[in-house]
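Visitor: I am new to reading protein models. Could you walk me through this one, a few questions at a time?

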Amino acid sequence: MLMMWFRRCLPFFLGVAVITATFGLKAGEARNTRILGHHVEVELYLKEHKLKAMDHLLVQAKDTEMFSCFLNKSFQVLSVNSLQGKLDCKVRNAAPGKGAAAHPDMPGQPQRLEISIPQELRALSAVTIDVEYEGILPSAPDSLEKEDVGDTTGIIGEDGVYLSPACLWYPDEPDSLTTFKVTVITPADYEAITEGSLVNKGSSGGKSFSTWEEKNVSDGCNLVAGRYKVTAVKHNGIDVYAYFFPEDQGLVESYLNATKRYLDMYQNLLGNYPYGKFAIVENFFQTGYGMPSYTLLGSAVVKLPFIVDTSLGHEILHNWWGNSVFVEESEGNWCEGLTTYMADYYYKELKGEAQAEDYRRDICRKYTNYVTGQNGFSLKDFVSRRDQASRAIGYGKTAMVFHALRRMVGDELFYRAFRKFYTDKIWQNASWKDIQNTFEGVCGKDLAWFFDQWVIREGAPFLELGKTSVEKADDGWVTHVDIIQGTPPYQFQLPIQIGLDNENQKTVVDIKEKVNAVSIKTKLQPLNITVDPQCEVFRRFYAEEIPPTIDSLLGDENKIIVYPTGGEAASQQAYKKLAHLLAGNRGLVKADKEITETEVAQKSLFVLGGLENKLTGAFLSSVPKNFLLKEGEFMAGNVTYRNTGDALFVAVKNPKSKGKGVALFFGIGADTINNVGAKLPHYGKYGYLVFSAEKKIDSGTPTPADNPLQRSFKN
Ligand SMILES: [Zn+2]
């Protein structure tokens, strides 16, 4: 049995590591105790990087001789008592779980406390066990600038404090869902925050304290402290806080206003916000986490303009999906895709159908680019994102499955079902099966086929436009078309558009066979047919539907990333480093002089460097006319770029190989190559990008010229 905590990360970050420490019970060991609640009193000594704490654990230990729990290995247990007196406690090394084995130095490695329950307490339904302990943790994360995706689990320092459940900063047992009351004592100029509502706060003797309590259960407790200036407002009975550093007070108002807007939006859509407070908390290192009742955003992250518009709403919505209705991980994580659908995607819909269509198209493209026969898996096996492929499945495909469900049952039943799901499953683990059961109940029909084909089965439909014919009828025209798919066939609703003289006629047809003969009547003579014109159906795309982009190049497992052997030494170094970064574990890295003619003719190529790369010249004629590369500079539109901080990315089809792409990336100065180059994977959907002062100033994606799901009728 493994225990994992999954913090929910902002969707724009690329996950690179599996989050958290894990630890386990010994094989064959049954758990017959249960933690019913924590009341932790913790004092933080920032200069010494130390904490001293007492956890009053309420434990269900009826008829058991021993209560066993885990605690951070570097902590010392000072005392263990019940109301009746001292309890015997043995401390043992715990068998390391997967995470600890992978990171032998991480502080999350557990020690195991075995506490004897005396005879007279075994008759009670619950006992309070006071565990007093202290310990020292690292004072800072590995990097203040780089995104942290879970490597940092516990730090105590003068810059700030971050204690996650994975650090085991309080005694815990695997898979516990329990309540927390936490009193934190810090030096007077610090503010601490954790889950739940603020029930007490004050200061004396150069120290400040605050007590937070959440009466509903949670799968872990995260504690944060820093030199914050706190702004508090009340909104419809909810305490909304901003814990920002003094120098970033200019951001507070927009964050508070957006938070109120999102709370209103989701209360209307789904039902009451489950907590008494929501806080936006700035972090001194770079995180994008959503915890129950607050979000922890790095100091560089809070300044990104799209966080308020998208990611903040995503994190707030996690308080419904993931933080109060919990995910039954063993049956697949539905919550990231649902949150993406009801936040990131929903905001696009509110802006307009064109933006929503772009978003759906990008999901299908990313899936096609990154998910192959080797790395694919079904939604029931998604736990958390590790790379672009798992993200394309767990976030992207899942969002499209909810889109299919909503199209099928309609908005009214879709939201009614999710409101019921929320009410029924709040403070419990919930699975895909529970979503299915709720929808079946609300819609009054069997939906096993739907969830089986999208959740249990791996992969995506691939559609073919078979033979078409047009026939004159008495009162108009009939278009006959065969829609073909693989086996076993998927069942779904497919939009088809017939182009007429001055308008388009849209029809939705039910598809469920391998070959589906469809006939569509029109008053006017049909000129053309387009299958799924607005990309409503989740499907694998044709190569022709995919324009050359960063995603299409990086997703190609057989690509070659080519660094230059000419030019300045520092730039050469930077390109070489970037080549390895972009390759990840897919594709080859080669120097420009090692590339063969055959490789140029058969592969996707990511060519780094301007004219100093021997390969660049071969593709200059394929680059769109508005871009021009010269010695030490480039032109985009009519503007010449030759300063440090300027960079150009442009992708084209490989003129020598159908279905393959070529990308050129040229940055001026080694720092630009390093900094802009590292950001490229975040701009996956673009076919060209222009940077000035390391900021994106222009970008775009060419529209693919061919659409195999479109056909014109000749007269
Ligand atoms: Zn999320």
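Visitor: Leaving aside neighbours within four places in sequence, which residues is H49 in contact with?

Guide: Happy to start there, and please keep in mind that this is a predicted model. H49 sits in the loop between strand 2 (34–45) and strand 3 (50–60). Once its neighbours within four places in sequence are set aside, the contacts of H49 are I136, L137, S139, I156 and G157.

Visitor: Does H49 count as buried, partly exposed or exposed?

Guide: Let's count C-beta atoms within 10 Å: 20 or more would make a residue buried, and 12 or fewer would make it exposed. H49 has 18 such neighbours, so its class is partly exposed.

Visitor: How far apart are the C-alpha atoms of H49 and V161?

Guide: Along the chain, these two residues are 112 residues apart. In space, the separation of their C-alpha atoms is 9.0 Å.

Visitor: Which residues touch the most other members of the largest nonpolar core?

Guide: V161 comes up again here, in a core of 136 residues. Helix 6 gives this core its largest share, nine residues. One of the top residues, V224, is in contact with V161, Y162, A192, I193, V281 and L296, leaving aside neighbours within four places in sequence. The residues that touch the most other members are L44, V161 and V224.

Visitor: How many of the residues of helix 4 are buried?

Guide: Helix 4 covers residues 335–351, which is 17 residues. Its buried residues include C335, L338, Y341 and Y345, and what covers the buried ones includes helix 3 (305–317), strand 22 (325–327), helix 5 (353–370) and helix 6 (388–409). Helix 4 is largely enclosed by the rest of the structure because the number of its residues that are buried is 12 of the 17.

Visitor: Where is the kink in helix 4 centred?

Guide: From first C-alpha to last, helix 4 reaches 24 Å, close to the 24 Å expected. There is still a kink of about 35° in helix 4, and its centre is Y345.

Visitor: Which strands stand at the edges of the open sheet with the order 4-8-7?

Guide: This sheet has three strands with antiparallel pairing, and its twist averages 25° from one strand to the next. Strand 4 and strand 8 (residues 110–116) pair over seven bridges, with M66 partnered by S116 in strand 8. Each edge strand has a single partner, so one side is left without a neighbour in the sheet; the edge strands are strand 4 (66–72) and strand 7 (89–93).

Visitor: In the seven-stranded open sheet, which are the edge strands?

Guide: The order there is 31-30-32-37-36-38-39, with mixed pairing. An edge strand in this sheet pairs on one side only, and the two that do so are strand 31 (588–591) and strand 39 (695–700).

Visitor: What stands opposite L648 in strand 38?

Guide: Strand 36 (residues 647–653) and strand 38 (residues 688–692) run antiparallel and are joined by four bridges. Opposite L648, in strand 38, stands V690.

Visitor: At about what angle to strand 37 does helix 14 run?

Guide: Helix 11 (residues 569–583) lies across strand 30 (560–563), strand 31 and strand 32 (605–608), running at about 170° to strand 30. Helix 14 (residues 670–679) lies across strand 36, strand 37 (661–667) and strand 38. Its angle to strand 37 is about 135°.

Notes
Residues numbered from 1 in each chain as written. Predicted model: local features only at pLDDT ≥ 70, side-chain atom pairs only at ≥ 80, totals over all residues. Expected span 1.5 Å × (residues − 1). Bend = angle between axes of the 7 residues up to and from the residue. Contact = placed C-beta atoms within 7 Å. Pairing = 2+ DSSP bridges. Axes fitted to C-alpha atoms, helices over the stretch in contact; angles between N-to-C directions. Core = buried A, V, L, I, M, F, W, Y, C linked by C-beta atoms within 7 Å.
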